[in-house]
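Student: Could you take me on a close look at one part of this model, the place where a ligand sits? I'd love a step-by-step tour.

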Amino acid sequence: MTDNADLFGAPLGAADGDEVVSVVPAAPTPGPYDYLVGGAGDLAAGDLVVVPLGGRDVIGVVWGPGTSEVPRQKLKRVATRLDLPRLTEETRTFLARAADYTMTPLGEMARLATRAPQLAEPAPTRRVLKAGSLELASATRSRAKALETFQHLAAASHADLSDFTVAPSDLAKAAEVGSSVVAALIEAGALREAEAPRDAPYPRLDPDRARSALSEAQVAAAADLAAAVAARAFKPTLLHGVTGSGKTEAYLEAVAECIRRSRQALVLLPEIALTDQFLTRLHARFGARPAEWHSAASGVERRRCWRAVAAGAAQVVVGARSALFLPFRDLGLIVVDEEHDGGYKQEEGAIYNARDMAVLRASLCKAAVVLASATPSLESWANAERGKYQKVSLPERFGAAVEPEIAAIDIRQDKPERNCWIAPSLQRAVAETIARGEQALLFLNRRGYAPLTLCRKCGARSGCPHCDTWLVSHRFTGKLVCHVCGHEESEAPACKQCGADELAACGPGVERLAEEAQTLFPEARLAMLSSDMATSAAVLREQITTIAQGDADLIIGTQIVAKGHNFPKLTLVGVVDADLGLQGGDFRAAERTFQLLRQVAGRAGRADKPGRALLQTVGPDQPVMRKLIDGDEIGFLTHEAEAREREGVPPFGRYLAVIFSGPDDAKVWAVAQAFARAADPMRAIGAQVLGPAPAPIGRIRGKARVRMLVRAARGAPIQQAARAWGDAVKARQGVRVVFDVDPMSFL
Ligand code: ADP
Ligand code: ZN
């Protein structure tokens, strides 16, 4: 593959192999490290190479000239230069800045950018047929037919006849002839054999293929978003509009503008289960399916996507958070859909928030970035209020649909029966809805059957052997499962401790709710939507289609139903435990509850019939519930922002969490205490250092966990100080120390 758009000056290493370059290995090490160029030929910054590292060969990114800090004779040689487009300066700067911000080793970022299958191998090819003389001296019937078919296929593909290729087996199949006939055509010179890339190029997207007639509000929003793309400047926008207001329709106009300007566009989605539906929608809009990037995509698809993105050939990528690290050549737009979603925070390995990193990347490549949500995060909302982000609003639902009415059910008065969870008034509402031929949804944000199993005789509880957690009973699979480490055991009929046959399930999960619903509404067709019921994306998709088509009366679901799906017949949403998310004391508890419940309620009444949501709560007068019932989102955000500003809590102050973990409790505490004693660099920037304290989940996978929390002012150079802090504690005694900048989880 040739690439001359991005050469930075002269080659860094001469062909004699004696020059030194610095390379960032795609491995969890800081890097870059010096290497001798060796036989790798001319190397330039951004080239992908293979280098030896700790006895292995790993992919690396050439970073620049060598530093010459290590004597030449100690240096290892670059093994090979890979025949791949080099990473642009923008991509490299982004990786470096992201590593700095998140306090992640640079090598870990390089790994994110090169995590596609078979990158170190030559692009796979396959044998194809091309046009030869296209003439036959002596033509049997089948030979003539095969040749004719070749020409038909070429014409149908709209490619020039000389460029058209087809696999031999595909031609044989289309012409209904045997492979010997095709071989004879090659023999006669009528067709030629050639090697072609195995990964098909993505079909061209047509920005004007199927534009919707937009409403007046959408036209205005789309114009603002498209203008941001056209500006070729860093332009963050908060696209705020209620569910069903047509946000997607509006931002697709920005994607279209980006395609027209021949720049690449990236749309991030928080949930893989949504990708397929979304790609179908884009196919309809742009006439072809764009590239997709997420962990559930096949290896072949990811290989195809990475290479096409790097070559600048993929116009639009739809993906999960890690798609942000793809080696785009010229990124003109990033859309972060459902930007408030917690799924954008990667909590393991490289810890980053894809929403924030999207804003960073857009700032480096002069791109527009659109943060879209019906319930924006307080961070983004505050940025829009301060004028840092442009704000585009779609306050009303598209077409005839209106926003659902939300009401509370005070379960202190309207009590469900013992060991039941559906209040009498919610039961009536469900019955009426089903009787009208509409759909009802019962929502409970808890997977499984029951969160705890207790022995009535000896009081023993079902704990995880590896974590400080309770095992959740899953009746559907007959298992007790740890939702933290994934440990599973069969549900025993009797207590493991005392042998008594008196085990009791405590509290509800969706499976138990389904059991209750089945008893209450024996005639209703029940559908369950929970991430662990769906064994694969395909099964989940099928469930969603079933519901969308109206082939279910009553849906029982966890938070997976809150996201993006469109169920036209759904008119009633019942939230079984609206207070669930408010427990635990995380400063974002109210915000998350507000977002989740508003999203779930938003599933109701998306078509012509109005919808209603009922929230079962013990505190209908809590501010969150009041604002939900009043539909007063701005009121909620304003109130929440004021409270956080008073407390100096994010986004009005900054947090940094430090998590210490290891198999030996004493060592974990010793290292944490050493950090506590060495915290002067943090105090020097005016930060407050809290802890160490046992983490709320004190043990995970057999490892003890201790936390510290740093609180600083908004502008404080928290990473710089924390690097000095970390450097001050040299002895780590095998204890893992993880810095979590802007933590979302406090467990
Ligand atoms: P949001 O992203 O705000 O939830 P969508 O863009 O998904 O909203 O639109 C909600 C529904 O309304 C979808 O079914 C969509 O097809 C439909 N819709 C939105 N705008 C239009 C339009 N201009 N013309 C036709 N249908 C539209
Ligand atoms: Zn566990």
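Student: How far does a polar side-chain atom of threonine 248 lie from an oxygen atom of ligand 1?

Tutor: Happy to help! This is a predicted model, in which local features need pLDDT of at least 70, side-chain atom pairs count only at pLDDT 80 or more, and totals for chains, interfaces and linings use all residues. Residues are numbered from 1 along each chain as its sequence is written, chains are lettered from A and ligands numbered from 1 in the order in which they are written, and side-chain values use heavy atoms, with hydrogens and water left out.

Now to your distance: it is 2.6 Å between the polar side-chain atom of threonine 248 and an oxygen atom of ligand 1. Lysine 247 takes part through its backbone, where a polar atom is 2.9 Å from a ligand 1 oxygen. Arginine 281 uses an N or O atom of its side chain, also 2.9 Å from an oxygen atom of ligand 1. On its own, ligand 1 exposes 550 Å², and the protein buries 74% of that (accessible areas come from the Shrake-Rupley method with a 1.4 Å probe; for residues, only the protein chains shown count as cover).

Let's step back to the whole shell. There are 16 residues around ligand 1, and those that come nearest are Ala213, Gln218, Lys247, Thr248 and Arg281; a residue is near if one of its heavy atoms lies within 4 Å of the molecule. Sorted by class, the shell has four nonpolar, eight polar and four charged residues. Here Ala, Val, Leu, Ile, Met, Phe, Trp, Tyr, Cys and Pro count as nonpolar, Asp, Glu, Lys and Arg as charged, and the others, Gly among them, as polar. Helix H7, residues 247-260, gives the most to this shell, with three residues; helices are DSSP runs (H or I) of at least four residues, numbered from the N terminus.

For a second kind of site, turn to the zinc ion, ligand 2. The SG atoms of Cys464, Cys467, Cys482 and Cys485 coordinate this zinc ion at 2.3 to 2.4 Å. Donors are N, O and S atoms within 2.8 Å of the metal (3.2 Å for Na, K and Ca), and water is not among the atoms, so sites may look incomplete. Along the sequence, the zinc ion's donor residues follow the spacing C-x2-C-x14-C-x2-C. The angles among the four donor atoms run from 104 to 114°, and the site is tetrahedral, a label for four donors whose angles all lie between 85 and 135 degrees. Both cysteine 464 and cysteine 467 are buried, meaning under 20% relative accessible area (1.4 Å probe, protein chains only).

Conventions:
Four donors count as tetrahedral if all angles lie between 85 and 135 degrees; four count as square planar and six as octahedral if opposite donors are over 155 degrees apart and all others between 65 and 115; anything else is irregular. Buried means under 20% relative accessible area, exposed over 50%, partly exposed in between (1.4 Å probe, protein chains only). A polar contact is a pair of N or O atoms within 3.5 Å; within protein, one must be able to donate a hydrogen and the other to accept it, and residues adjacent in sequence count only if both atoms are side-chain atoms. Helices (H or I, at least four residues) and strands (E, at least two) are DSSP runs, numbered from the N terminus.
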